[in-house]
Amino acid sequence: MKSKVFGTVLSLSLALSAFTVYHSESVVHAESLSSIKKKQQENSKKAKDSQSKLDENKKSQSSLETEITRIDKLSSDTDAKIEKKQVDIQQTKTEIAKLKGEITVVQVRIDKRDKLLKERVNSMYESGGAVSYLEVVLGSKDFGDFLDRVLALNMIAEQDRELLEEQKKDKELLEDKMVSVEKKLSNLQNAMKDLQVLKEQLKAQMAEKDRLMASLEKEQGHLEAEMHKIENEAEILKSQEEAFKREQERARQQEAARRASGGGSSSSAPVIGNGMIIKPAAGVITSPFGNRSSGMHEGIDIAQGGTVPIYAAADGTVMKAEYSSSYGNVVYISHSIAGQQWTTVYAHMSGTPLVSNGQSVSKGTKLGNMGNTGRSHGQHLHFELHKGPWNAGKTNAVNPAAYW
């Protein structure tokens, strides 16, 4: 009986212990779940706050990007006006130089005629004035001599009259040309003033753009690469595929032509310069390929003042020629070199690219001029080289300077 009671008590004790443990674990689990749920709620709130800030940042960026795009277009228009005004000024200078040359010629004629007329007047003065017909008659030996003298007098008089008329016409011509020169000079001075105004406008536009750029960079740092990851990505990738197909076909046709001409097989593209590609623009490298304070720089920046042409670094097919808010006026080219696909990018051009989508270009083809469009500080070319296709993450980017 005692044994049975002990067993019952032991069972109850074990059950109570198990319940206590289970209850304790349940409480711990409940507390953990509550803590996790609380953290989830906190994270959810943080995520909402972050998303709200991100949305606000994007809204701010969008507004600034729109303004930068407007300034880029305005600056490109101003650049075009400056170029035209410079051409007008040069033409006016040429016209002025031509007029001055014509004035010199007319002045020489006038001076010679003046000298001749003075000599005639002096001769008449020394001979006592004009010769009368009576003197001619009295001095004649015979009638034939008389006629000769009369004819000679008439010829001299006619020559004097023609000289005077020519002198009058040349002096009027000289005055007209002088007036024309003065007008051209006035126009030139006005054109120079207009040019100065345009340059000041361009300077102000660039200063405003720099201010906006500084605002953007202060908010989110260097966003050029990130912006382009989402900007027209699908369209660029599609254009890239089509361009590379054309580039492969072009390479096949060149190879077939070489074989047909007896040149045999060639596994590499013709090389101009010291390497696989040429340096696409003159100038100094102001920012090399690699890491910098604002992040990875997947290309190189080449800068130089004045009008600086940009050239295709190798034979290829234009994937895309467009304007983007980050790259400004930009050209992408797909290349097939020794069977390897390469892609080059030329950004921040001053105006609309000179090439179009799908166009085949040769190494050295002019694509446009160096500029300051898009997300850019100062005139320069941002040049990228990708071993393989271009992608939004730019994982195929290599140092271009190692290939020219």
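## Pairing of strands 6 and 7

Strand 6 (residues 316-324) runs antiparallel to strand 7, to which 7 bridges join it. Strands here are DSSP runs of E with at least two residues, numbered from the N terminus, and two strands pair if DSSP finds at least two bridges between them. Ser324 has Gly328 of strand 7 as its bridge partner. The two strands, 6 and 7, form a hairpin with 3 residues between them.

This is a predicted model, in which local features need pLDDT of at least 70 and side-chain atom pairs count only at pLDDT 80 or more, while totals for chains, interfaces and linings use all residues. Residues are numbered from 1 along each chain as its sequence is written, and side-chain values use heavy atoms, with hydrogens and water left out.

## Pairing of strands 7 and 8

Strand 7 also pairs with strand 8 (residues 340-349), in the antiparallel sense, over 8 bridges. Tyr332 has Val345 of strand 8 as its bridge partner. A hairpin with 2 residues between the strands links this pair, and Ala338 in the turn has a positive phi of about 55°.

## Burial and the nonpolar cores

In strand 7 (residues 328-337), 10 of 10 residues are buried (under 20% relative accessible area, with exposed over 50% and partly exposed in between; 1.4 Å probe, protein chains only).

The largest nonpolar core (buried Ala, Val, Leu, Ile, Met, Phe, Trp, Tyr and Cys residues joined through side-chain atoms within 4.5 Å) has 25 residues; Ile310, Val331, Ile333, Tyr346, Leu367 and Leu381 touch the most other members. Strand 4 (300-303), strand 7, strand 8 and strand 11 (381-387) each give two or more residues to this core. Apart from it lies another core of 10 residues, among them Met319, Ala347, Trp390 and Ala392.

Methods:
Helices (H or I, at least four residues) and strands (E, at least two) are DSSP runs, numbered from the N terminus.
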